[in-house]
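Trainee: Before we look at the model together, I would like to practise justifying each term we use. May I ask, for each label, what value stands behind it?

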Amino acid sequence: MKQADCDNEVHQKKSYLEKDLNNAVFRNCIFESCDFSKAQFLNSKWIDCRFVKCNLSLVKWEGARLQNTQFEECKIVSGNFGLCDRTF
């Protein structure tokens, strides 16, 4: 697995609106009150991360790995988690 693009960071109230996060790797990160609306998470990896009160509406999840990742009080509209990578 490639080195993390983001490791042990806290992101608060940031906008990732329509952001291309394809193939990105995140480890031990916390995202609080961030807006990921319409973001692309294709083939990205989210390992030991937490999303708290984030907007994850219309995110593209195809191939994303959500390993030990938690969602708390998030808004998720039209998210198809069935397309995530479940091979771990």
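Mentor: Let us begin with the side chains of S37 and D35, which are joined by a polar contact of 2.5 Å, bearing in mind that this is a predicted model.

Trainee: Why is the pairing of the side chains of S37 and D35 called a polar contact?

Mentor: The cut-off for a pair of N or O atoms is 3.5 Å, and the side chains of S37 and D35 are joined at 2.5 Å, so the distance falls within that limit. A second polar contact, of 3.1 Å, joins the side chains of S37 and N55, and this distance is also within 3.5 Å.

Trainee: Where is S37 found, and what makes it buried?

Mentor: S37 is found in the loop between β4 and β5. Its relative accessible area is 11%, and buried means under 20%, so S37 counts as buried. Leaving aside residues up to four places away in sequence, S37 touches Y16, L17, E18, N55 and S57.

Trainee: Y16 is in that list; how do you know whether Y16 is buried or exposed?

Mentor: By the same reasoning, Y16 has a relative accessible area of 12%, which is under the 20% limit, and therefore Y16 is buried.

Trainee: The structure holds 17 aromatic pairs; why is the pair of Y16 and F31 called edge-to-face?

Mentor: The ring centres of Y16 and F31 lie 6.3 Å apart, within the 6.5 Å that a pair requires, and their planes stand at 80°, over the 60 degrees that edge-to-face requires, so both conditions are met. Y16 lies in the loop between β2 and β3, whereas F31 lies in strand β4 (residues 30-32), so the pair ties together parts that are 15 residues apart in sequence.

Trainee: What makes F31 buried, and which geometry does its pair with W46 have?

Mentor: F31 has a relative accessible area of 1%, under the 20% cut-off, so F31 is buried. The rings of F31 and W46 have their centres 5.7 Å apart and their planes at 70°, so this pair, too, is edge-to-face. Since W46 lies in strand β5 (residues 45-47) and F31 in β4, the pair ties together parts that are 15 residues apart in sequence. W46 is buried, as F31 is, and ring pairs link both of them into a cluster with Y16, F26, F36, F41, F51, W61, F71 and F81.

Trainee: How many strands does the protein have, and what is the order in its open sheet?

Mentor: The secondary structure comes to eight strands and zero helices. The open sheet has four strands in the order β1-β3-β5-β7, with parallel pairing. In that sheet β1 (6-7) and β7 (65-67) stand at the edges, because each has a single partner strand and one side of each is left without a neighbour.

Trainee: How do you know that β1 and β3 are paired?

Mentor: Pairing calls for at least two bridges, and two bridges join β1 to strand β3 (residues 25-27), so the condition is met. The two strands run parallel, and the bridge partner of C6 in β3 is F26.

Trainee: What makes V10 exposed, while K53 is called partly exposed?

Mentor: V10, which lies in strand β2 (residues 10-12), has a relative accessible area of 52%, and exposed means over 50%, so V10 is exposed. K53, placed in the loop between β6 (50-52) and β7, has 48%, which is neither under 20% nor over 50%, so K53 counts as partly exposed. Phi of K53 is near 55°, a positive value in a residue other than glycine.

Trainee: Where is S78 placed, and why is S78 counted as exposed?

Mentor: S78 is in the segment after β8 (70-72), and its relative accessibility of 56% is over the 50% limit, so S78 counts as exposed. Phi of S78 is near 60°, again a positive value in a residue other than glycine.

Trainee: What radius of gyration does the protein have, and how does it stand against that of a compact globule?

Mentor: The protein has a radius of gyration of 12 Å, and a compact globule with 88 residues would have one near 12 Å, so the value agrees with the globule rule.

Notes
Residues numbered from 1 in each chain as written. Heavy atoms only, no water. Buried < 20%, exposed > 50% of the residue type's maximum accessible area, 1.4 Å probe, protein only. Phe/Tyr/Trp six-rings, centres within 6.5 Å; stacked < 30°, edge-to-face > 60°. Rg over C-alpha atoms; globule rule 2.2 N^0.38 Å. Polar contact = N/O pair within 3.5 Å; in protein donor to acceptor, adjacent residues only side chain to side chain. Contact = heavy atoms within 4.5 Å.
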